[in-house]
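Here is an informal tour for someone meeting this structure for the first time. Have a look at the sequence and the 3D view, then read on.

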Amino acid sequence: MAWRFKASKYKNAAPIVPKAEACVREICVGSYQTYGNNIAASAAFMAFNWEHSGSSVAVLPLDDCGRKSKTMPLLHGHTDTVTDLKFSPFHDGLLATASQDCLVKIWHIPEKGLEQSLSDPEAVFSHKQRRVETVGFHPTADGLMYSTAAGCVALFDIAAQKEIFSNNEHPEVIQSASWREDGTVLATSCKDKCVRIFDPRAAGSPIQMVAESHQSIKDSRVVWLGNQSRILTTGFDAARLRQVIIRDIRNFNTPEKTLELDCSTGILMPLFDPDTNMLFLAGKGDTTINYLEITDKDPYLIEGLRHTGEQTKGACLVPKRALKVMEAEVNRVLQLTSNMVIPIMYQVPRKTYRDFHADLYPETTGYKTELIASEWLNGTNQAVPKMNLDPAKREHGDEPIIIHRGNLSDFVKNLENLKAKGKTQNQHQKPATTSMAKRNDNEHFVMLRKCNNGEERNGNGNAGDCNEKRLHQAKVQPKEECSLNQSELIRKFEAKYKTDSEKDQQAQQLHHHLDDKDSPTEHSTGSSEEASSSAALDTNSPSGSHSPPKPMPRTSRNNSLPESTTPQSGSGGDSECNTPRPRPRTTAAAAYKPRLGPKPFSSNTGDVSFDKVFAVPVAPGSHENISTVGQDNCGDAPAGGSKPDLIVEIEIQKSEPNVAGNGNGNGVQKSLTTSERRKVIYRDIFIYVYICVPSHTPLRIGEILSRQIPGECNGFHANHERVAVPLAGPGGKIAIFELSRPGRLPDGVIPSLVNGSNVMDFQWDPFDAQRLAVACDDGIVKLWRIDEGGLTEPTNEPQGELTAHLDKIYFIRFHPLAADVLLTASYDMTIKLWDLRTMTEKCTLTGHTDQIFDFAWSPCGKLGASVCKDGKIRVYNPRKSETPIREGNGPVGTRGARITWALEGHYIVCTGFDKVSERQISVYNAQKLSAPLNTASLDVSPSILIPFYDEDSSTLFVTGKGDSTIYCYEITDEEPYICPLSHHRCSSLHQGLSFLTKNHCDVASVEFSKAYRLTNTTIEPLSFTVPRIKSELFQDDLFPPTRVTWSATLSAEDWFACNDKSAAKVSLKPEGMDTLSSIQQVPAPVKKPEHTQFGNKSEYETNKQQEIQKSVSARMEYNTKLEQDDMEGVDENEWQE
């Protein structure tokens, strides 16, 4: 048993998660009920489902990073959810997608990635009205693809674009399939709780073996353990515990190892590396990724280090030829979350990473095969040659080996060449020398290249093999073909099989080079599949060296790209900046265009990316390095070591022409345009550098919180003097804590308000910091008065009681403008409005057919909006009608919802759940509620998103009970209407959040919002500030005149009498502070030198010069002020901790 104690080389492989700026961020991923992994990767690209429906696919370079635009190029090819997607192992740009629309499509991804959206695939295969579940490529035969639909297994020849095999013997839906590494047989897992060994080439039934597997019909997965005689399956047992089972096909009916895990509902996706025997188990919806090492003896599964992070939507492994072998990276897992793609590197700790550690990297499966689909179907088996990952044995060192063989037509021609090459080799083996059939030019090129180079590009060949090929070629090659020189062969080959980018950028220079020199060894290059095996030849590089693929420059939100220019010969590698040009629209007609922010920049060298050009320092106190454009070198540094001088243009007045051109003068347009300027300023600042940190000493309350508060209640409410917190235990107690007395609570009985019944909701009066309204489950609303100095002992005597309903109350809401107006919503599905001065009912609103989730008043105080469990949003005018004046479709989920108004009452924001319990935020036009303008999906969580809207900055803060993240969005009046900002991640979970009014923000410290956060044991103040250099000045660009919401605008009597009055607006500028706009940078007057008597001009010349200046000034605008003068940077001392 000594082998048990033998240390594995990969036992200590540790998951290394990069920083947020090194990940692909702000993507849109939903929750999909499929049998696929939702993400796939080749050595060049990654592809994953996009948006909530999942019918589109996003394709990005493998080393891409940074924030992604909603309007970036996509694959739009399916009408329903994409269920599975895979890249070809022999072509990094060939992608297969399967969908619920019963189709399988083949896509060609250009070498530079997607520059525009694609909707026309290279080939389409149909499964005859059956939903396609899985798709993939054969591991050894080039151009052979498989897919499963219901109980059918089908094989397709991509070159011939036809189905070559189909079998329907599986009785239920096939949930997973995996080929053996040698490509001989296929293992499948089925919904009938059985696993099968499937041989499509077998005579009779292709099903060779059947065994009972996991005893649950839930999703199960199967993976073949490399070239071994064992398979591994994941699934659920009869008790719904997650299982991992290993079977040996030599004793198929008896499991070799069964491992019980836990009772989680997430589907385990097994990711296996046959070279290292490393197994990764990623569960859909889980936050952990387990690493296990598989052995051939007991205990068979050895647990390694576990990764814990974001919630998983999908996962895949990156091919070995794309790993960073000089950093001891033995595997890389791409984790797909709801808004990110996280590359998790598994690194083996070593003392030094200067040398290549050959013991960690056995020879792995290569990228070249000479077996094609028709040959495999006829019974030929041929293993894929192995390759060495040692950079010293690779032509381009440790750069990724990328294989790009052109579009499908080029790919088919390449397969035909392989087929013809196989026939030629068969003729070489015949003893009699017969005349050969005429070969095409590419065969001559391949043969000459092998003879001249003496070995293959991947280092697998040797000189001895080449000499043998020379002898064979000398015997069978006709004399007239030998007369062709190598230069002509290369020209013919490029004309046929080179990709478009190679034709455009390399043809002239390479041909000129070949004409000048006659040495055959200098002119030989690989075939099209080998020529790009590491990277394409960089003709723009000064030294002519090869560089790894760099991420494409980020496109702007208006979907513009730089124009491609032809490299100038003799430029010595100097590149010039390309000007952005508009691209034909492939998405919505009116894409979101930020009014402030850097425009995309691009360069011919490919070294300048969006994240590298615009750098912003990391804000202190931020847990995710809040920065949109401040990504620190996601790619490699430029070759020259120095960055080019860049000019950043700021689009600060992009929307003004439309405003000026609109002469209708209606109130809506005027109200929207008046906030244009401050929305521009806040958008730029929030995206880049706003900071949220605890501002003062927290109030420590201990484990006293009640867990029985219903979902319609926010569970926590604060004003500028005190906070109200529900306490655990009977009696409906609510504790009142004074904010002026922070620190730990004293021992003993906590002074509280004893309501006598279970608390359903509570809220402070917005105009009276001493009055608290509490709604109970007996239908009574109790009004409490808190004396100055706070509570000293428990009390059960409220100031007043209001018997509002005969049933339980859902929630209560004070009116935002009128004093003593209270709204109550009850289980009897009615909403009532009360005058608290007279304790009388004034209005009753009807029309709800199910549970009322929330109600929100409009900023003007005239209208109200509600969201209901019946999936409807209703808008009321309470003083005019008891029934809703408008109605529309709301969230479809029944767990709960919240609603609020935005943009001065012209839009409605609603948070809720979709069909699969994924949290989402929807924006509606308040006048048209038929469908949301846009919906943003977040994650799968049971807690309801509670919104808090700041109307001055148009910022929406949302969070839920039990969350640790405060999500921030900007609500705009143009597409996409909801724009994600930098989210704030707290160090612990919170149970509630309550924002204060604007007049309590410390504007001298550039604090634009202030809130209190309730955790399990503390009440913490949060301060949202914007770093500024001139903090001694009042930042009037950040603080426009704000509406007075802390004092009543009108009385209850006036409001019920429809004597409406708009809320006053006041400036937040403290006394004695100068405004930022008053300190304008006026250009200093130019001091004219005193003229001597010899330099005095005549009066005629002076008058003439003034007339010329006036005439020129009248014809042109002259302004010495720069846009940058109005912008504020960040003082260095504000970043210091």
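## The nonpolar cores

The largest nonpolar core has 28 residues, and the ones that touch the most other members are Met278, Phe280, Val330 and Tyr346. A nonpolar core here is a set of buried Ala, Val, Leu, Ile, Met, Phe, Trp, Tyr and Cys residues joined through side-chain atoms within 4.5 Å. Buried means under 20% relative accessible area, exposed means over 50%, and partly exposed is in between, using a 1.4 Å probe and protein chains only. At least two residues of this core come from each of β24 (268-273), β25 (278-283), β26 (288-294), β30 (329-336) and β31 (340-347). Of these, β31 gives the most, with four residues. Strands are DSSP runs of E with at least two residues, helices are runs of H or I with at least four, and both are numbered from the N terminus.

This is a predicted model, so local features need pLDDT of at least 70 and side-chain atom pairs count only at pLDDT 80 or more, while totals for chains, interfaces and linings use all residues. Residues are numbered from 1 along each chain as its sequence is written, and side-chain values use heavy atoms, with hydrogens and water left out.

Back to phenylalanine 280: what does it touch, not counting residues up to four places away in sequence? Its contacts (heavy atoms within 4.5 Å) include Met269, Leu271, Ile289, Tyr291, Leu317, Val333 and Tyr346. Apart from this core lies another one, of 22 residues, with Ala41, Phe48, Leu60 and Val341 among them. In soluble globular proteins, nonpolar side chains tend to be buried together.

## A four-stranded sheet

Now for a sheet. Four strands make up an open, antiparallel sheet in the order β16-β17-β18-β19. Two strands count as paired if DSSP finds at least two bridges between them. At the edges sit β16 (174-179) and β19 (207-212), each pairing on one side only. Ignoring direction, neighbouring strands in this sheet are turned by 20 degrees against each other on average. The axes behind that angle are lines fitted to C-alpha atoms (for helices, over the stretch in contact), and angles run from 0 to 180 degrees between N-to-C directions.

Let's zoom in on β17. Five bridges pair it with β16 in the antiparallel sense, and isoleucine 174 has cysteine 190 of β17 as its bridge partner. On the way from β16 to β17 the hairpin has six residues in between, and glycine 183 in the turn has a positive phi of about 75 degrees. Strand β17 (residues 186-190) is also joined to β18, by four antiparallel bridges, with serine 189 opposite valine 195. That hairpin has three residues between its strands, and lysine 193 in the turn has a positive phi of about 70 degrees. Five of the five residues of β17 are buried, so the strand is largely enclosed by the rest of the structure. Leu186, Thr188 and Cys190 cover one side, and Ala187 and Ser189 the other, with all of them buried.

## Rings and charges

Aromatic rings come next. A pair of rings is described by the distance of the centres and the angle of the planes. Rings of Phe, Tyr and Trp (its six-membered ring) pair if their centres lie within 6.5 Å; planes under 30 degrees apart are stacked, over 60 edge-to-face, and the rest tilted. That rule gives 20 aromatic pairs. Phenylalanine 165 and phenylalanine 198 have ring centres 6.0 Å apart and planes at 70 degrees, so they are edge-to-face. The first lies in β15 (residues 162-167) and the second in β18 (residues 194-198), so the pair ties together parts 33 residues apart in sequence. Both are buried.

Phenylalanine 948 and phenylalanine 995 have centres 5.2 Å apart and planes at 40 degrees, so this pair is tilted. These two are buried as well, and ring pairs link them with Phe957, Phe1008 and Phe1024 into a cluster. Lysine 842 lies over the face of phenylalanine 1056, 5.8 Å from the ring centre. The rule for such a charge is NZ of Lys or CZ of Arg within 6 Å of the ring centre and within 35 degrees of the ring normal.

## Two loop residues

Is serine 42 buried or exposed? At 2% relative accessibility, serine 42 counts as buried. Its place is the loop between β3 (39-41) and β4 (45-50). Lysine 915, in the loop between β56 (907-913) and β57 (918-925), counts as exposed at 78% relative accessibility.
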